[in-house]
Amino acid sequence: SGQAADHVLGQPGFTTQEPATSRTGMFRPYGIAVGAGKMAVTDFGNSRVLIYDPIPMDGEASPVAVLGQSDFERSERACSENGMISPSGVTITPLGKLIVADTFNHRVLIWNEVPTVSNTAPHLILGQSAPDKCMYNDLDQNGLPDVDEESGRDVASASTFGAPSDVWSDDTRLVVADVANHRVLIWNRFPT
């Protein structure tokens with residue numbers, strides 16, 4: 001217990017703790033995934049995912065790509081094909097797919113391989129009917145809004161999310177922690 005870390009990423013040293021929007025800075029990193037020789041970090045406060053290739057072995061490593069932003073100096077919250085709002089969970093599957101819980105866009109983003117080029121669009125978006133739709137429980141199984149007649153609130157369905165926070169997959173199954181809907185969703189066959 002109590003052993004010190006060997007290196008630090010996101011800060012210039014072990015004793016600094018300032019949020020930063022830069023190539024090597026971070027603002028509230030939430031999730032880490034390692035696989036396919038790469039590492040992905042969800043930078044929640046900067047609404048982005050940082051991609052390291054290869055996996056960092058020291059504090060001098062810099063990410064090779066950023067997802068969710070057009071460059072390393074930006075931190076805009078965006079509902080768009082390439083935008084994100086506070087991603088939290090991330091996983092890299094055994095076959096090298098990258099899956100991100102885009103928490104406050106209420107969707108899950110999937111790349112068929114871990115991108116090494118910044119601003120790469122995902123191959124698949126779950127939870128929304130279009131890349132520019134980012135609403136809580138926005139669509140039903142038919143792609144139509146599902147609203148409770150009495151309360152006027154959007155109703156959860158098998159196709160929607162409310163602030164998904166974490167993801168896992170073994171390339172066959174997909175599991176998503178759907179926080180605001182108080183549930184976990186499971187796909188027995190990976191979505192296409």
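**Salt bridges, disulfide, cores and a cavity**

E76 comes out at 43% relative accessibility, so this residue counts as partly exposed. That value, like every other one here, is computed from a predicted model. E76 makes a good way into the charged pairs, as its side chain meets that of R74 in a salt bridge with an N to O distance of 3.7 Å. R74 also reaches D71, and here the N to O distance is 3.2 Å. The two partners of this second pair are again partly exposed, R74 because its relative accessibility is 36% and D71 because its relative accessible area is 28%.

Across the whole structure, the search turns up 7 salt bridges. Another one of them links the side chains of D178 and R183, N to O at 2.8 Å. The two ends of this bridge sit in rather unlike settings: D178 has 0% relative accessibility and so counts as buried, whereas R183, with a relative accessible area of 25%, is partly exposed. Shared partners, meanwhile, join D71, R74 and E76 into one salt-bridge network. As a general point, side chains of opposite charge can pair when their charged atoms come close.

Turning to covalent links, the whole-structure search gives 1 disulfide. The cysteines concerned are C79 and C134, with 2.0 Å between their sulfur atoms. The torsion about their S-S bond is about 90°, which makes the disulfide right-handed. C79 belongs to the loop between strand 4 (65-67) and strand 5 (90-92), and C134 to the loop between strand 8 (124-126) and strand 9 (164-169), so the pair ties together parts that lie 55 residues apart in sequence. Exposure separates the two cysteines: C79, at 32% relative accessibility, counts as partly exposed, while C134, at 11%, counts as buried. The cut-off for buried is under 20% relative accessible area, which is why C134 falls on that side.

As for nonpolar packing, the largest nonpolar core brings together 15 residues, and I51, L98 and V100 are the ones with the most contacts inside it. Strand 3 (48-52), strand 4, strand 5, strand 6 (98-102) and strand 7 (107-111) are the elements that give two or more residues to this core. Setting aside neighbours within four places in sequence, I51 is in contact with M39, A40, P63, V64, A65, L67, L98, V114 and P115. Another core, of 13 residues, lies apart from the largest one, and its members include L124, V176, L185 and F190. More broadly, nonpolar side chains tend to be buried together in soluble globular proteins.

That leaves the empty space inside the model. The search over the whole structure picks up 1 cavity of 30 Å³ or more. The largest cavity holds about 40 Å³ of space. Its lining is made up of L67, G68, E81, N82, G83, M84, L109, W111, N119, T120 and P122. L67 thus turns up twice in this account, once among the contacts of I51 and once in the cavity lining.

How values were computed: Residues are numbered from 1 along each chain as its sequence is written. This is a predicted model: local features need pLDDT of at least 70, side-chain atom pairs count only at pLDDT 80 or more; totals for chains, interfaces and linings use all residues. Side-chain values use heavy atoms; hydrogens and water are left out. A disulfide is a pair of cysteine sulfur atoms within 2.5 Å. Helices (H or I, at least four residues) and strands (E, at least two) are DSSP runs, numbered from the N terminus. Buried means under 20% relative accessible area, exposed over 50%, partly exposed in between (1.4 Å probe, protein chains only). A nonpolar core is a set of buried Ala, Val, Leu, Ile, Met, Phe, Trp, Tyr and Cys residues joined through side-chain atoms within 4.5 Å. Contact means heavy atoms within 4.5 Å. A salt bridge is a side-chain nitrogen of Lys or Arg within 4 Å of a carboxyl oxygen of Asp or Glu. On a 1 Å grid over the protein atoms alone, a cavity is a set of points where a 1.4 Å probe fits but cannot get out, and a pocket is an open set with protein on both sides within 12 Å along at least five of seven lines; lining residues have an atom within 4 Å of a point. Grid points are joined across faces, edges and corners, and a volume is the space filled by probe spheres set on the points.
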